Structures are given as C-alpha cells and as structure tokens.
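Please look over the model below before reading my points. Rotate it slowly and keep the residue numbers switched on.

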Amino acid sequence: MSTIDVNPTDLNPVDLNVGQHGYSPNKDAYLRRLKRIEGQVRGIARMVEEDKYCIDILTQVSAVTKALHAVSLGLVEEHIGHCVVGAASESDPVVRAEQIDIKVKEAADAIGRLLR
C-alpha cells in the first residue's frame, strides 16, 4: 500500500463568488483526495484483518493522518481566503467588523480542534 501524495499546488485559485463555500471551486480535488484516504483506511483495516506487522500498520496510519491534515489545512486556507476576505469586503463598517470577527474566530476554533 502506498502513501498518499498530497500537493496543495494543484488546487485552483479561490473563487470569491457569493453563495459558494471557499472550497467550492476545488470540490472535485478534495473529493478525489478524500476517496484516496478512504481507500487507504480500508487498506489499513485489511492489514489488521490479515495480522500484518504493527509497524507497517502504524506507517499507513501516519500516512492517512498526514493526508487528512493536508486536506484540513487546505480547507482552513480556503476559509481564510474566501470567508474572511469576503467579510472584509462588506461595505457597512459595523457589519464588516462583526463578520471579520466571526470568520476569524471560526478559523481559530477550527485550527484549535486540529491541534488537539
């Protein structure tokens, strides 16, 4: 079983269209990566069923963890580039300040969950 090669440079530039999530232009790339990760997790389960060597299993778990972290970091980057930047472009200064605070807090909370 091979490790997943995660390369964030194959993602498209962030699309700032209203009504879309920041990841929307890259949805297909994220889905492809998640399907590869899903396949690798099934492979790990198969390794356990087949009583493979524990270090080999741990190596694959590490690869899946790294791949999920890459997806997570991509989504955080998309959130900042789309949602936070979108909030900053709000014309009403009071609404803009509130929205920026909300979107930055969402990003900070998500990063906190990733680090736990």
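**Notes on the model**

1. Start with Ala87. Leaving out residues up to four places away in sequence, Ala87 touches Arg96, Gln99, Ile100 and Lys103. A contact here means heavy atoms within 4.5 Å. Ala87 sits in helix H2. Its relative accessible area is 6%, so Ala87 is buried. The classes are: buried under 20% relative accessible area, exposed over 50%, partly exposed in between, with a 1.4 Å probe and protein chains only. Ala87 and Asp101 are 14 residues apart in sequence, and their C-alpha atoms are 8.9 Å apart.

2. Know what you are looking at. This is a predicted model, where local features need pLDDT of at least 70, side-chain atom pairs count only at pLDDT 80 or more, and totals for chains, interfaces and linings use all residues. Residues are numbered from 1 along each chain as its sequence is written, and side-chain values use heavy atoms, with hydrogens and water left out.

3. Next, the overall fold. The protein has three helices and zero strands. Along the sequence the pattern reads α-α-α. Helices (H or I, at least four residues) and strands (E, at least two) are DSSP runs, numbered from the N terminus. Of the 116 residues, 24% are buried. Among contacts with a separation of 6 or more, 64% join residues 24 or more positions apart.

4. Is His79 buried or exposed? His79 counts as buried because its relative accessibility is 15%. It lies in helix H2, residues 54-88. Not counting residues up to four places away in sequence, His79 touches Val84, Lys103, Glu106 and Ala107.

5. His79 also helps line the second largest pocket, along with residues including His21, Tyr23, Cys83 and Leu114. That pocket has a volume of about 170 Å³. H2 and H3 are the elements that give two or more residues to its lining. H2 gives the most, with six residues. A pocket is an open set of points on a 1 Å grid over the protein atoms alone, where a 1.4 Å probe fits, with protein on both sides within 12 Å along at least five of seven lines; lining residues have an atom within 4 Å of a point. The volume is the space filled by probe spheres set on the points, which are joined across faces, edges and corners.

6. Now the salt bridges. The term means a side-chain nitrogen of Lys or Arg within 4 Å of a carboxyl oxygen of Asp or Glu. By this rule there are four salt bridges. One of them joins Glu38 and Arg42, with the closest N and O atoms 3.5 Å apart. Glu38 and Arg42 are four residues apart in helix H1, so about one helical turn separates them. In helix H3, Glu106 pairs with Lys103 at 3.6 Å between the closest N and O atoms. These two residues are three apart in the sequence of H3, about one turn of the helix. Asp109 and Lys105 also meet in a salt bridge, at 3.1 Å from N to O.

7. Finally, check Asp51. This residue is found in the loop between helix H1 (27-49) and H2. Its phi is near 55°, a positive value in a residue other than glycine. Asp51 counts as exposed because its relative accessibility is 68%.
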